Amino acid sequence: MTDETVSSDASRDTRDTAPGEETIARNEPAAGLPGYLLGYGLAALLTVGSFIAARTELIYQPAVISALVVLALAQIGVHLVFFLHLTSGPDNTNNILALAFGVLIVALIVLGSIWIMGHLDQNMAPMKSQQLALLPLCSAVRLRLASAMARPAG
C-alpha cells in the first residue's frame, strides 16, 4: 500500500485497482498514526482479554474455547481493518476477493485433513503385538497401546 493519501482527487478511478495500488483516504478510521495506535490498542486489549479468559475463572469453563474463538475472530478483524486497511470500499474489491479465496483454501485444507484423518482412524487395520514391538516408542506409550489392544472390542 502506498503512503499516498487522497484528499480531493475525485478524478482518479479507484473502482478496480490492483492490490497494492490502493490509497488510504483521510476519512477512513484506520488512516494515519492514530489509526495504527487505535488498532494496536484494540489488538493488545483483545490479547489481554484472551489471557484473562484462559487463565481465570471469570468465564464458565466449558465456554472458554468459544470465548477464545470469538476474541480471535475479533482480533483478525482488527488486523484486517487497521493494519491491512481492508475495508468495504470499492477500491478493496480485489483484496476482499483474495481474502475470501484464501479463507476458502485454508478451510478446504483443514476440513479435508480432518475428514481424511477420521477415515484413516476408522479404516486402519488393527496392529499386531509384533508390529507394536517394532515401533520406536517410549515404554509408557507402548504399555498403553498394548493394554488397549488386549481389551476386547466393544
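**Exercise 1. Locate His85 and describe its backbone and its exposure.**

Solution. His85 sits in the loop that links helix 2 to helix 3, where helices are DSSP runs of H or I with at least four residues, strands are runs of E with at least two, and numbering starts from the N terminus. The model is predicted, so local features need pLDDT of at least 70 and side-chain atom pairs count only at pLDDT 80 or more, while totals for chains, interfaces and linings use all residues. Residues are numbered from 1 along each chain as its sequence is written, and side-chain values use heavy atoms, with hydrogens and water left out.

Next, consider the backbone. His85 follows helix 2 and has a positive phi of about 55 degrees although it is not a glycine. Most residues other than glycine have a negative phi.

Finally, consider exposure. His85 counts as buried because its relative accessibility is 4%; buried means under 20% relative accessible area, exposed over 50%, and partly exposed in between, with a 1.4 Å probe and protein chains only.

**Exercise 2. Compare the expected span of helix 2 with the distance between its end C-alpha atoms, and state which elements its buried residues pack against.**

Solution. The expected span is 1.5 Å times one less than the number of residues. For the 20 residues of helix 2 this gives 28 Å, and the end C-alpha atoms are 27 Å apart, which agrees.

The buried residues of helix 2 are Val64, Ala67, Leu71, Gln75, Val78, Leu80 and Phe82. These buried residues pack against helix 1 (32-55) and helix 3. As background, an α-helix has 3.6 residues a turn, so residues three or four places apart point the same way.

**Exercise 3. Describe the surroundings of Gln75 and of Ala43.**

Solution. Begin with Gln75, which belongs to helix 2 (residues 64-83). Gln75 counts as buried because its relative accessibility is 18%. Not counting residues up to four places away in sequence, Gln75 touches Ala43, Leu46 and Thr47, a contact being heavy atoms within 4.5 Å. The side chains of Gln75 and Thr47 are also joined by a polar contact of 3.1 Å. A polar contact is a pair of N or O atoms within 3.5 Å; within protein, one must be able to donate a hydrogen and the other to accept it, and residues adjacent in sequence count only if both atoms are side-chain atoms.

Turn to Ala43, placed in helix 1. Ala43 is buried because its relative accessibility is 9%. Leaving aside neighbours within four places in sequence, Ala43 is in contact with Gln75, Val78 and His79. Ala43 and Gly77 are 34 residues apart in sequence, and their C-alpha atoms are 9.6 Å apart in space.

**Exercise 4. Summarise the chain as a whole.**

Solution. First, the secondary structure comprises five helices and two strands, in the order β-β-α-α-α-α-α along the sequence. Second, 18% of the 154 residues count as buried. Third, of the contacts with a separation of 6 or more, 44% join residues 24 or more positions apart. Last, the accessible surface of the chain comes to about 11600 Å², of which 69% belongs to carbon and sulfur atoms; accessible areas come from the Shrake-Rupley method with a 1.4 Å probe, and for residues only the protein chains shown count as cover.
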